[in-house]
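Hi,

Here is the structure I promised to pass on to you. Have a look at it first, then read my notes underneath.

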Amino acid sequence: MATPERYDESQIQLLEGLDPVRKRPGMYVGGTNARALHHLVWEVVDNSVDEALAGHCAEIVVSLDADGVVTVTDDGRGIPVGIHRETGLSALELVFTRLHAGGKFGGSGYKVSGGLHGVGASVTNALSEWLEVEVRRDGYVHTQRYERGAVCGPVAQVRPLKRGEETGTTVRWHHDETIFDRGVHYGVSTIAARLREKSFLVRGLTFRFRAAGHDEVVFYSERGLADYVRELNGERVAMHPTVVSLRGDGDVPVEIALQWTDGAEERIFSFCNVVNTVDGGTHVSGLRRALTRCLNNAAYEAGRLKKDRGEAFEARDVLDGLTAAVSVMLAEPQFEGQTKGRLNNSEAQGAVQSFANEAFSAWLVEHPVDLKQILDRLVLTREIRVAQSKISKKLRNAATSIFSDSNLPGKLADTLDNPSVPIAERELYIVEGDSAGGSAKAARDSNTQAILPIRGKILNVFGARPGRAFENAEVDSILVALGGRKDAIGKAIVATLEPDQRRYGRIILASDADADGAHIGNLLITLFHELFPRLLAEGRVFLARPPLFRVSLADGSYVYVGSEEELRETLKARRRNGDHVTRFKGLGEMNPDQLRETVFDPATRRLAQVTFEDVAQAAETVRLLMGSDAAGRRSWLEETAPDAEVDV
């Protein structure tokens, strides 16, 4: 009989100092992957930005060395170095070695700050192999060094400041490779994009970014969020020429920028105290309500809608095709989690709604040409919604099953019409090539898995108007297979894909494990990002990860490997010469048994969910990959190819 596992006071552990961060990095930076690694940079940069918000910093310089060393320098006041009365330690040491230590908890150090929790600098220190900080203040240069979060010695007063030498802080570090995933590294384009974003949020603050092997880039904005929205819409067709730019300096400072495009999706980028609130929050709710009210009133006054007939814009009409940015500054922001994804302050909703109601209404009166063009866009959107609602109602009232639709693409090998199998368990495989489609039909489970083969490289829909995109036969086939339909409403071609008409719970994109297959995968991801964003947001889209090699081992068994590097490691680990390696040229080269095991069987297949945490970053990634900026795409691919993630 096994001895019961002992559990008493000796099993209780107390993690002191920065040990909790090193033990559970996911609680503080969201994991140990590349995204988490970049949090080390964001935390230090945000501290410098807080100095700028307080009016004491005009320039921030970020440097990335070839060996992965990051340096952040600002010309702020410099972190205090005096002795803290309660602890007897230097304030500088407290900031870098104690969690929840800082000048952002309601004292007079900062009126507004993104560093609410006071853990940023200490977390970066805790997750670094070493970190050095230099402070220029009180007439001297002060330094201190840490290794894996531990102090190497007291704060040292190195020398007096030189004549004309500015005050400020410099933080330099190298991340701890024993904590982060193997091979992760900083992305030049990722850091540049974040610094560019910050420059739009703090007008007049200069960011300089110096990366080894690249020219220095400078980010500076005079018009703030208006410049940001204009850049976001750079490859889209704007429905009115002027970007709406609103700014208020009340008890809760608010800045808003808006522009409607011919796109099909809503894109609202929100910030609080210069922190990107990727999950929105109360400030976004306030903006949505204000826009709906203002534009309904404007439509009634212009005679474009009849209030006595019950005509009105719904929020989805107003938000369709909108690119917007909203920023608020709060003395006591309340975020969800250390990564600050969602703002919870109720006063933010009221402040944004009240300000936007007044300021946007006045803007519309002052810009009659833009008003007409915005209303033209919204009236058409409303007409399409009403027409789609009638179509959807007709479809819901129809007695036929969605699995017996005679309009389905002829090349679709659908699942069996078995009422006992719920939609959530049905999967649509979009497969590259007719030959692969033939093998896939033999490999699938026809009760739950459908096959839709596509020929060649599908249309790049980035920047294309949604109606025109569905004129493409392959794109139309995907729409219809999913359960949607397209209709001509006036001069517009619109697609309808209602949740209750969806025919599958998952969509799996299966292409060859080579460069052409990766390109087709990117085209398909772009298609779903641009035309069916809700499916991505709900986590319903996946990439199949078919193997590139099959290694037949000397003992009669075999293994599949997905890359040449994995193949080398597999063969090196075995140190055997009797192994036979087969390279698959594509899905069509695999027999049904091999496809079933590697692509279709839930127990053995490899799938990667296509999702995104940061809407702005996802949009920028799609723009870089599929837009017209060839130089930017080349740079992005060169730096991300070694460890690119499917997590868009």
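Below is what I found, starting with confidence and then going through two sheets.

Keep in mind that this is a predicted model. The mean pLDDT of the protein is 83, and 82% of its residues reach 70 or more. Two stretches need some care. Residues 103–110 have pLDDT below 50, and in the model this stretch has 18 contacts beyond near neighbours in sequence. Residues 114–118 are also below 50, with 21 contacts counted in that way.

Now the sheet with β10 in it. Five strands make up this open sheet, in the order β10-β11-β14-β12-β13, and the pairing is mixed. The edges are β10 (244–248) and β13 (275–276); each has a single partner strand, so one side of each is left without a neighbour in the sheet. For β13, pairing with β12 (residues 267–272) is antiparallel, over two bridges. If you want a spot to zoom in on, Phe271 stands opposite Asn276 in β13.

The other sheet is open too, with five strands ordered β16-β15-β19-β20-β24 and mixed pairing. Which strands stand at its edges? They are β16 (449–454) and β24 (607–609), each with a single partner strand, so one side of each lacks a neighbour in the sheet. From one strand to the next, the twist averages 25°. β16 pairs with β15 (residues 427–432) in the parallel sense over six bridges, and Pro453 in β16 is the bridge partner of Val431. Helix α14 (residues 473–482) packs on this sheet, where it touches β15, β16 and β19 (506–510). The direction of α14 makes about 170° with that of β16.

Cheers

Conventions:
Residues numbered from 1 in each chain as written. Predicted model: local features only at pLDDT ≥ 70, side-chain atom pairs only at ≥ 80, totals over all residues. Heavy atoms only, no water. Pairing = 2+ DSSP bridges. Helix = DSSP H or I, 4+ residues; strand = E, 2+ residues; numbered from the N terminus. pLDDT = per-residue confidence, 0-100. Contact = heavy atoms within 4.5 Å. Axes fitted to C-alpha atoms, helices over the stretch in contact; angles between N-to-C directions.
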